[in-house]
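Thanks, everyone, for making the time. I would like to go through the charged pairs and the nonpolar interior of one model, and I will put it on the screen now.

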Amino acid sequence: MDTTTRSGAQAAAGHVADSHDAIRVYGARANNLADVAIEIPKRRLTVFTGVSGSGKTSLVFATIAAESQRLINETYSAFAQGFMATPARPDVDVLDGLTTVITVDQERMGADARSTVGTATDANAMLRILFSRLGEPHIGPPGAYAFNVPSVRASGAITVERGGKKAVKATYSRTGGMCPRCEGRGAVSDIDLTQLYDDSKSLAEGAFTIPGWKSDSFFTVRVYAESGLLDPHKPIRDFTEKEMRDFLYHDPVKVKVEGVNLTYEGLIPKVRKSFLAKDRDALQPHIRAFVDRAVTFTTCPACDGTRLSDEARSSKIGQVSIADACAMQISDLAGWIRGLDEPSVAPLLAKLGHTLDSFTEIGLGYLSLDRPSGTLSGGEAQRVKMVRHLGSPLTDVTYVFDEPTTGLHPHDIQRMNDLLLRLRDKGNTVLVVEHKPEVIAIADHVVDLGPGAGTEGGRVCFEGTAEGLRASGTVTGRHFDDRAALKEKVRTPTGVLEVRGAAVHNLRDVDVDIPLGVLCAVTGVAGSGKSSLVHGSLPAGEGVVSVDQSPIRGSRRSNPATYTGLLDPIRKAFAKANGVKPALFSANSEGACPACNGAGVVYTDLAMMAGVATTCEECEGRRFQASVLEYRLGGRDISEVLAMSVAEAEAFFGAGEARTPAAHAVLGRLADVGLGYLRLGQPLTTLSGGERQRLKLATHMAAKGGIYVLDEPTAGLHLADVEQLLALLDRLVDSGTSVIVVEHHQAVMAHADWIIDLGPGAGHDGGRIVFEGTPADLTAARSTLTGEHLASYIGA
């Protein structure tokens with residue numbers, strides 16, 4: 001056959017390259033996946049559904065996305081790989097047809113004190129270039145407008161080795177935009193010295209009251225006591241003026257303690273570096289409590305919170321400085337950029353304008369570039385990450401989204417759907433993990449996992465179209481068209497919580513009475529001021545239990561038993577039954593297997609290649625010493641108890657020899673929030689987003705309080721789980737607790753006794769109360785966006 005004939009035959013049969021039209025997964029076993037085999041069509045929008053914990057994230061993120069990233073990393077040199085994350089190959093037999101994966105997850109953005117929306121999206125970098133070109137007076141290059149760049153000046157002699165060595169006097173200067181007073185943080189801190197030490201004691205007597213600073217700590221306390229600069233036996237209140245200055249403010253200097261060279265530094269700068277360099281929300285709870293006691297943060301008086309030096313703020317384009325531009329609402333800033341007519345920077349203006357318009361396009365036009373990135377919710381953080389992908393010329397890549405509608409009002413979900421479809425229409429494969437029916441309905445292909453969660457899930461229950469899912473009989477199919485009805489009769493408030501003159505963020509002197517003794521929903525589009533009202537304006541007082549969306553932090557040693565405090569009564573029960581110490585029954589303490597240090601597996605680091613984890617041969621993965629496993633309670637050893645599900649453990653500790661009321665109460669709360677299938681010893685790192693949210697809710701239910709404030713408790717919940725959540729909220733209210741819910745889900749709105757709707761828009765277009773009343777009144781009036789969507793939801 002000649003070349004012409006062969007080409008003609010290929011054209012008739014289709015090019016062989018076009019046969020790679022699916023991502024093929026065979027034998028996937030990550031986490032709870034049970035040998036999943038599936039083919040996902042390329043260049044289509046595929047939505048993965050299923051109850052929380054059914055294996056969606058394990059299939060999409062831990063298998064497909066992880067293997068794509070691993071293969072891409074392997075294309076780099078061994079030297080480069082040594083500096084990169086080295087994920088292990090997922091537990092899967094075959095993965096074929098992969099393309100480059102771009103992951104857009106809900107991980108919170110870096111909580112560094114100097115990270116803002118502008119720095120995280122490169123918008124600030126473009127603004128700095130713009131001001132360095134057009135700003136008057138001209139103060140320097142882009143770094144002169146950067147609040148993370150300090151000004152530096154130096155002079156001295158340098159030796160130039162050119163021919164003969166010659167000493168040359170040189171000067172060096174760099175103009176930065178950092179405010180020297182607050183070092184680019186926008187806030188200054190005053191430290192209460194009484195919270196750092198007891199001045200009636202000497203250093204030798206353990207004067208420090210800082211968490212973790214034990215009296216025998218070699219690198220903290222003893223360096224002060226044995227530095228030779230201070231008298232360790234003199235009470236601090238008796239220090240001379242020089243001793244006090246050396247104690248509090250001394251510059252870093254090398255000292256020798258027991259023959260070891262250590263650095264001595266004044267207490268104030270050491271505390272600032274140790275506790276204040278990180279964002280408050282990134283600190284451990286007990287450290288955060290110490291910082292709240294010891295440190296008072298106030299807006300920097302030198303830069304008025306802008307983080308920028310006087311010089312950076314003095315340079316303006318028209319009447320606008322870079323500080324003014326960063327403080328503008330992004331939708332307004334985009335309009336200002338479009339109004340600049342300067343041909344010399346036309347490409348920069350076009351790129352910056354496109355980036356800012358992308359914020360508005362995905363419903364984040366109400367943010368400002370100087371908003372700290374650590375204050376964004378999970379949904380906002382995910383959409384900020386999307387900004388750099390909108391308008392990207394890349395095609396034939398796989399975009400992976402983790403519940404992109406989280407935190408979105410029903411009014412904004414259609415806009416998100418349009419973006420997903422646009423990415424698909426450019427020739428990309430779009431994989432979305434989602435629970436919202438509005439997103440499932442636009443899918444080209446639906447994969448439903450289940451049938452249950454945990455060990456009851458991990459199997460593909462349905463593949464096909466959204467219409468086919470409706471008729472499939474799976475849990476998702478049965479609940480696809482669920483609609484919560486309005487209550488026939490709402491509860492009567494027992495009192496009110498008065499909020500007067502609330503002006504936090506975009507709130508406009510809001511006066512509102514929040515009813516108590518009922519289920520009250522606070523609604524409104526994203527950015528309308530809901531969280532500002534509930535978390536920032538409620539009167540401080542006893543009995544308010546707040547459950548926000550901050551992530552659960554925990555290592556692979558953390559599990560539901562340790563996180564909820566369940567392990568404490570279990571250890572005590574084992575200790576009492578066997579007449580030994582409770583510490584023996586902790587895999588992180590005395591009872592740990594010495595070979596694996598209580599991890600259950602032994603990790604082998606292979607440098608630039610993925611590390612290998614092998615089950616510990618000595619304890620066979622049970623994490624405890626053999627002698628500890630001989631002790632029993634109710635016929636079970638501690639490893640067998642930790643392998644139980646919550647439902648099994650609730651029955652085990654509820655009666656008989658193992659009856660432990662304290663443990664049974666915690667297990668009951670876990671069962672109430674729908675986590676009866678979780679194993680007590682399951683690592684927190686394996687839990688899905690919805691499971692973590694409910695685990696946190698169960699933990700907070702133990703707190704004594706008359707008012708519960710919940711921030712979007714339906715985030716990550718399957719349609720079938722929403723009904724259980726509503727029943728839980730009803731039980732809380734019926735027990736005498738007031739429940740205030742910030743929520744977008746129409747089922748919660750319909751079930752509420754009272755609704756406070758904020759708006760009418762976001763940012764400076766919001767911040768006002770646009771409706772107060774019952775859900776029935778809201779749907780009848782249809783006077784707000786929330787009212788229109790709720791009426792449509794219930795079919796009114």
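Let me begin with Arg-622 and Glu-620, whose side chains meet in a salt bridge with an N to O distance of 3.7 Å. Please keep in mind throughout that we are looking at a predicted model. As for the surroundings of this pair, Arg-622 is partly exposed, with a relative accessible area of 39%, whereas Glu-620, at 57% relative accessibility, counts as exposed. Elsewhere, salt bridges with shared partners link Lys-487, Arg-491, Asp-730, Asp-734 and Asp-753 into one network.

How many salt bridges does a search of the whole structure find? The search returns 33 of them, and I have picked out two more to describe alongside the pair we started with.

One is between Glu-467 and Arg-470, where the closest N and O atoms are 2.7 Å apart. These two residues lie three residues apart in helix H17, which covers residues 466-470, and so about one helical turn separates them. Glu-467 has a relative accessible area of 53% and is therefore classed as exposed, the cut-off being over 50%, while Arg-470, at 31%, counts as partly exposed.

The other is between Asp-35 and Arg-29, with 2.8 Å between the closest N and O atoms. Here Asp-35 is partly exposed at 48% relative accessible area, and Arg-29 is likewise partly exposed, at 27% relative accessibility.

Let me now turn from the charged residues to the nonpolar ones. In soluble globular proteins, nonpolar side chains tend to be buried together. In this model, the largest nonpolar core has 68 residues, and those with the most contacts inside it are Ile-570, Ile-638, Phe-653, Leu-680 and Val-739. Which helix gives the most to this core? That is helix H26, spanning residues 719-734, which contributes seven residues.

It is worth pausing on Leu-680 and asking what it is in contact with, leaving aside its neighbours within four places in sequence. Its partners include Asn-559, Pro-560, Ala-561, Leu-566 and Ile-570, and also Val-641, Leu-642, Met-644 and Val-646, with Ala-649 and Leu-667 on the list as well. Ile-570 thus appears here as a contact of Leu-680, having already been named among the residues with the most contacts inside the core.

Finally, there is a second, separate core, made up of 67 residues, and among them are Ile-322, Leu-419, Leu-469 and Ala-762.

Definitions and conventions: Residues numbered from 1 in each chain as written. Predicted model: local features only at pLDDT ≥ 70, side-chain atom pairs only at ≥ 80, totals over all residues. Heavy atoms only, no water. Salt bridge = Lys/Arg side-chain N within 4 Å of Asp/Glu carboxyl O. Buried < 20%, exposed > 50% of the residue type's maximum accessible area, 1.4 Å probe, protein only. Helix = DSSP H or I, 4+ residues; strand = E, 2+ residues; numbered from the N terminus. Core = buried A, V, L, I, M, F, W, Y, C linked by side-chain atoms within 4.5 Å. Contact = heavy atoms within 4.5 Å.
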